[in-house]
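Hello,

Here is the structure I promised to pass on to you. Please open it first, and then read my notes below with the model beside you.

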Amino acid sequence: KICVESSVGKVFGEAKVTECIHPETIGISSHFGSLCKGKPVAYGKGANFNKLLPFHTDRVSTGVDACVRVKVYKAI
């Protein structure tokens, strides 16, 4: 169990180590976690990486950058 923290927020999850991701990076699935109480099996599971992103839109594409510097540590 780990905590991933950025300058604007943090999420908790379970780390799975793989050779498919560079050791200096973290990949978070884009399923956003489940905050819907209508999903009793999935509710409260998964990490929403949007909580880690400062909301700065690009003026040309109006897109939001999905890369952010984070700190990772073992969750208590």
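Starting from the N terminus, the elements of the chain run β-β-β, and the secondary structure comes to 0 helices and 3 strands. Those elements are DSSP runs numbered from the N terminus, with helices (H or I) needing at least four residues and strands (E) at least two.

Before the details, a word on how to read the values. This is a predicted model, in which local features need pLDDT of at least 70 and side-chain atom pairs count only at pLDDT 80 or more, while totals for chains, interfaces and linings use all residues. Residues are numbered from 1 along each chain as its sequence is written, and side-chain values use heavy atoms, with hydrogens and water left out.

For the chain as a whole, buried residues make up 16% of the 76 residues. Here buried means under 20% relative accessible area, exposed over 50%, and partly exposed in between (1.4 Å probe, protein chains only). Among contacts with a separation of 6 or more, 47% come from residues 24 or more positions apart; a contact means heavy atoms within 4.5 Å.

A good place to begin looking is Ile2, which lies in strand E1. Leaving aside neighbours within four places in sequence, Ile2 is in contact with Val11, Phe12, Gly13, Ala15, Val72, Tyr73, Lys74 and Ala75. The C-alpha atoms of Ile2 and Phe12 are separated by 5.8 Å, and the two are 10 residues apart along the chain.

Next, move to Ser6, in the loop between strand E1 (2–5) and strand E2 (10–13). Ser6 has a relative accessible area of 10%, so it counts as buried. Not counting residues up to four places away in sequence, Ser6 touches Leu52, Val68, Arg69 and Val70.

Val70 comes up again with Thr25, a residue in the loop between E2 and E3. The C-alpha atoms of Thr25 and Val70 are separated by 9.2 Å, with their positions 45 residues apart along the chain. Thr25 counts as partly exposed because its relative accessibility is 45%. A polar atom of the Thr25 side chain lies 2.9 Å from the backbone oxygen of His22.

How many salt bridges does a search of the whole structure find? There are 2, a salt bridge being a side-chain nitrogen of Lys or Arg within 4 Å of a carboxyl oxygen of Asp or Glu. In one of them Lys1 pairs with Glu14, the closest N and O atoms being 3.6 Å apart. This pair links distant parts of the chain, 13 residues apart: Lys1 is in the segment before E1, and Glu14 is in the loop between E2 and strand E3 (71–74). Glu14 also forms a salt bridge with Lys16, where the closest N and O atoms are 3.9 Å apart. Through shared partners, the salt bridges join Lys1, Glu14 and Lys16 into one network. Both Lys1 and Glu14 are exposed, and Lys16 is exposed too, with a relative accessible area of 69%.

Finally, have a look at the second largest pocket, which holds about 280 Å³ of space. Its lining has 13 residues, and Ile26, Ala66, Cys67, Val68 and Val70 lie nearest its centre. A pocket is an open set of points on a 1 Å grid over the protein atoms alone, where a 1.4 Å probe fits, with protein on both sides within 12 Å along at least five of seven lines; lining residues have an atom within 4 Å of a point. The volume is the space filled by probe spheres set on the points, with grid points joined across faces, edges and corners. By class, this lining has 10 nonpolar, 2 polar and 1 charged residues. Ala, Val, Leu, Ile, Met, Phe, Trp, Tyr, Cys and Pro count as nonpolar, Asp, Glu, Lys and Arg as charged, and the others, Gly among them, as polar.

Enjoy exploring!

Methods:
A polar contact is a pair of N or O atoms within 3.5 Å; within protein, one must be able to donate a hydrogen and the other to accept it, and residues adjacent in sequence count only if both atoms are side-chain atoms.
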